[in-house]
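Trainee: I keep meeting labels like "buried", "pocket" and "irregular" in structure notes. Could we go through one model and ask where each label comes from?

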Amino acid sequence: MKVTIRRVGKWFLWGLGAVVVLFSLYLSIFFFPYPLFPHHAEYAGFSVYSDREIPEDFRLVFDEARSRVEAMELYHGAKDLRIFVCRSQRLFVFINNLAGKRHVGQALVISVAGNAFFSEAMIESVGRRNGGHPAHSRLEGSWSAAIAHEVAHDLVFSEVGYGKARRITVWKSEGYADYSANLASAGADLSYDFRSRIGLFLDDNSWQSAGAFVDRRHFRWHVLVEFLCSVKGLTFADLMDEGVTEEIARSQMMAWYSAPLIDDD
Ligand SMILES: [Zn+2]
């Protein structure tokens with residue numbers, strides 16, 4: 001009897017050990033993915049890792065990402081996310097699946113680990129599909145905008161904490177990340193006009209005809225948050241107020257858009 005109990009105890013410990021090892025391996029994919037990304041470089045204060053050779057033009061990409069990040073309201077010089085570039089889509093999908101995400105997007109951020117994973121294939125296919133339009137949006141397929149978008153999500157996590165950040169409604173969370181990521185590049189573009197962005201969003205032909213842009217929903221969230229922050233002057237904290245709903249934001253934006261421009265002459 002004594003021997004059997006001892007044997008069961010032994011098997012239990014072995015089983016427990018195996019579970020601990022497997023779970024540690026699982027966590028290490030998110031916390032210490034370095035063995036899967038042997039190529040490393042430091043660009044503009046970002047630590048960049050890649051599964052294959054890092055593309056040559058990435059120095060410029062990160063200079064641009066840096067200026068996008070520095071323009072963000074929530075950026076106070078904190079340590080940036082480590083950037084993991086998946087040039088292999090198989091690797092990205094593997095990590096995405098392990099994280100329990102069903103949707104395969106342009107990137108995946110693991111805020112608690114300080115790591116963000118990017119899919120070269122997804123970012124570039126968005127750019128090809130939309131022909132780089134509309135500029136200064138997530139639909140143009142820009143590497144620096146995709147990186148800045150994930151940094152913006154991460155800054156929100158640091159600002160309000162993980163639990164609260166997960167409860168932010170998707171239009172605010174995605175809209176704010178897109179707005180923040182594109183603030184610097186839109187600001188530097190002399191031809192940028194926010195009114196015509198609303199016009200573009202309202203124009204059904206731009207979204208429904210063949211060769212139209214994809215993902216009007218994300219663009220709507222971006223435009224709504226841009227209206228609230230740039231035109232109405234809301235801060236991030238103001239935007240998080242539960243009284244600020246998508247319906248209210250939309251009706252205020254439409255009233256502003258349809259009002260005649262005041263002529264000072
Ligand atoms: Zn996002």
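Mentor: Sure, here are some questions on the zinc site, the pockets, the cavity and a few single residues; keep in mind that this is a predicted model.

Trainee: Let's start with the metal. What makes H149, H153 and E174 donors of the zinc ion?

Mentor: Distance. A donor is an N, O or S atom within 2.8 Å of the metal. Here H149 and H153 each offer NE2, and E174 offers two OE atoms, lying 2.1 to 2.6 Å from the zinc ion. So these atoms meet the cut-off.

Trainee: Why is the arrangement around the zinc ion called irregular?

Mentor: Look at the angles. Four donors count as tetrahedral if all angles lie between 85 and 135 degrees. The four donor atoms here subtend angles of 52 to 138°, so the tetrahedral label fails and the arrangement is irregular. One caution: water is not among the atoms, so sites may look incomplete.

Trainee: What spacing do the donors follow along the chain?

Mentor: The spacing is H-x3-H-x20-E. H153 belongs to helix α5 and E174 to helix α7, so this pair ties together parts that are 21 residues apart in sequence.

Trainee: And H153 and E174, are they buried or exposed?

Mentor: Buried means under 20% relative accessible area. H153 has 13%, so it counts as buried. E174 has 16%, so E174 is buried too.

Trainee: Now the open spaces. Which residues lie nearest the centre of the largest pocket?

Mentor: K101, A107, E150, H153 and E174, out of 43 lining residues. Two of those names, H153 and E174, you have just met as zinc donors. The space in this pocket comes to about 1200 Å³.

Trainee: Which elements supply at least two residues of that lining?

Mentor: They are α1 (2–31), β4 (107–110), α4 (120–130), α5 (143–160), α6 (162–167), α7 (170–187) and α10 (216–231). By class, the lining has 24 nonpolar, ten polar and nine charged residues.

Trainee: How is the lining of the second largest pocket made up?

Mentor: Five nonpolar, two polar and six charged residues. That gives 13 lining residues, with R167, I168, K172, M240 and E242 nearest the centre. Helices α6 and α7 are the elements that give two or more residues to this lining. The second largest pocket holds about 300 Å³ of space.

Trainee: What makes something a cavity rather than a pocket?

Mentor: In a cavity a 1.4 Å probe fits but cannot get out, whereas a pocket is open. Counting those of 30 Å³ or more gives one cavity. The largest cavity has a volume of about 70 Å³, so it passes that cut-off.

Trainee: Which residues line the largest cavity?

Mentor: Q106, R138, S142, A145, A146, H149, E150, D178, A181 and N182. Helix α5 gives the largest share, four residues, and both α5 and α7 supply at least two. The classes come to three nonpolar, four polar and three charged. Notice H149 in that list; H149 is also a zinc donor.

Trainee: Why say that helix α8 is mostly covered?

Mentor: Count the buried residues: seven of its nine, in a helix running over residues 194–202. They are F194, R195, R197, I198, G199, L200 and F201. Their cover includes α9 (204–208), α10 and α12 (246–258).

Trainee: What makes the phi of A44 worth a remark?

Mentor: Most residues other than glycine have a negative phi. A44 is not glycine, yet its phi is positive, near 45°. A44 sits in the loop between β1 (39–43) and β2 (46–50). With 29% relative accessibility, A44 counts as partly exposed.

Trainee: What about H136, where is it found?

Mentor: In the loop between α4 and α5. H136 also has a positive phi, about 60°, without being a glycine. At 11% accessibility, under the 20% limit, H136 counts as buried.

Trainee: Last one: how do you know that S180 is buried?

Mentor: Its relative accessible area is 3%, and the limit is 20%, so S180 is buried. S180 lies in helix α7 and touches R68, M72 and A152, leaving aside residues up to four places away in sequence.

Methods
Residues numbered from 1 in each chain as written. Predicted model: local features only at pLDDT ≥ 70, side-chain atom pairs only at ≥ 80, totals over all residues. Heavy atoms only, no water. 1 Å grid on protein atoms, 1.4 Å probe; cavity = no way out; pocket = protein on both sides within 12 Å on 5 of 7 lines; lining within 4 Å. Points joined across faces, edges and corners; volume = space filled by probe spheres on them. Nonpolar A, V, L, I, M, F, W, Y, C, P; charged D, E, K, R; others polar. Buried < 20%, exposed > 50% of the residue type's maximum accessible area, 1.4 Å probe, protein only. Contact = heavy atoms within 4.5 Å. Donors = N, O, S within 2.8 Å, 3.2 Å for Na, K, Ca; no water. Tetrahedral: all angles 85-135°; square planar, octahedral: opposite > 155°, others 65-115°.
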